[in-house]
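Visitor: I would like a close look at a single helix, with its surroundings described step by step. Please take me through how it is placed and what lies against it.

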Amino acid sequence: MDFKKLSSGISSTFNRAVQLTEEKLGQAERTAFPPEFEELVRVSDATQQWTERILKSTEAVLQPNPAHRVEDLMCEKFEREKRDRLSPLEDLGCVMATAGAELGSTTDYGGALARVGQVEKELAELERDFIKTSTLSFLRPLREFLETDVKAAAKEKRELDNARLDLDSAKARAKRGRDADSVSESDYAKEQQQYERQLEVTRLLLEGIKGAHANHLRALKDFTEAQMQYHAESFHKMQELRRELNSS
């Protein structure tokens, strides 16, 4: 075990804790991030929060059953085949078609039930295609963004917070000038350099999150296109069904 490295890590953790506590008590100065960086942080945080909410709400629209949502998500995460299940529209179509056959498909009511049941099943197929398309073109990019870009940026932001605490702790100890706790000019310069380097790394990642808006816009357009097509084809089928029912 590298005891020197362990000791250094414990010392850094202690100094950070002291610095953070004194900042909360108003007893220590805190290095402020540049205004343009703070704006990047604000946009990044807002993008993450709204992406999570949009993702959750869209999932609820595509699959209203919470238990089925969780099951499908687990299957997708672990690349397993999703379990086949009847959607409400498919179930309605099957019930109507069976009822029509039972009541007599040659009767007016029985024939209408059979025909409506068939159209309901066709609507269910359109719905299934819409869900599949939306999952691939809209939900998946949002999930991947949260799992990769957002997590990477969060990690670097934590590193930046530590670098900032180390820098301010070094400033405070240098200002106090205690012999047992003194900080040399080279140590202080090292902390300053580490802070500036981490600030730049984090800035680049946050700019990447802001730049992801263009990708989200493309995914949003694909989603609305799929939704429009789904409703247009559904409307067309229902128009034909209405004409058939009225003519009979």
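Guide: What follows is a walk along helix α7, its neighbours and one of its residues. The model is a predicted one, and in it α7 runs over residues 213-247. This helix has 35 residues and reaches 51 Å from its first C-alpha to its last, which is close to the 51 Å expected at 1.5 Å a residue.

One partner of α7 is helix α2, made of residues 35-62, and the two pack at an angle of about 20° with their axes 13 Å apart. Angles under 35 degrees count as roughly parallel, and α2 and α7 are therefore roughly parallel to each other. In passing α7, helix α2 makes a left-handed crossing. On the α2 side the contact is made by V43, T47, T51 and T58, while α7 contributes H213, H216 and F223. By character, the residues of this contact divide into 2 nonpolar and 5 polar, with no charged residue.

Turning to burial, the buried residues of α7 are H216, A219, F223, A226, Y230, S234 and L241. An α-helix has 3.6 residues a turn, so residues three or four places apart point the same way. What covers the buried residues of α7 includes α2 and also α5, which spans residues 108-176.

Finally, E240 also has its place in helix α7. Its relative accessible area is 32%, and because partly exposed covers values between 20% and 50%, E240 is partly exposed. The C-alpha atom of E240 is separated by 9.7 Å from that of V119, although these two residues are 121 residues apart along the chain.

Methods:
Residues numbered from 1 in each chain as written. Predicted model: local features only at pLDDT ≥ 70, side-chain atom pairs only at ≥ 80, totals over all residues. Heavy atoms only, no water. Axes fitted to C-alpha atoms, helices over the stretch in contact; angles between N-to-C directions. Helix = DSSP H or I, 4+ residues; strand = E, 2+ residues; numbered from the N terminus. Parallel < 35°, antiparallel > 145°, perpendicular 65-115°, else oblique. Left-handed = near helix turned anticlockwise from the far one by under 90°. Contact = heavy atoms within 4.5 Å. Nonpolar A, V, L, I, M, F, W, Y, C, P; charged D, E, K, R; others polar. Expected span 1.5 Å × (residues − 1). Buried < 20%, exposed > 50% of the residue type's maximum accessible area, 1.4 Å probe, protein only.
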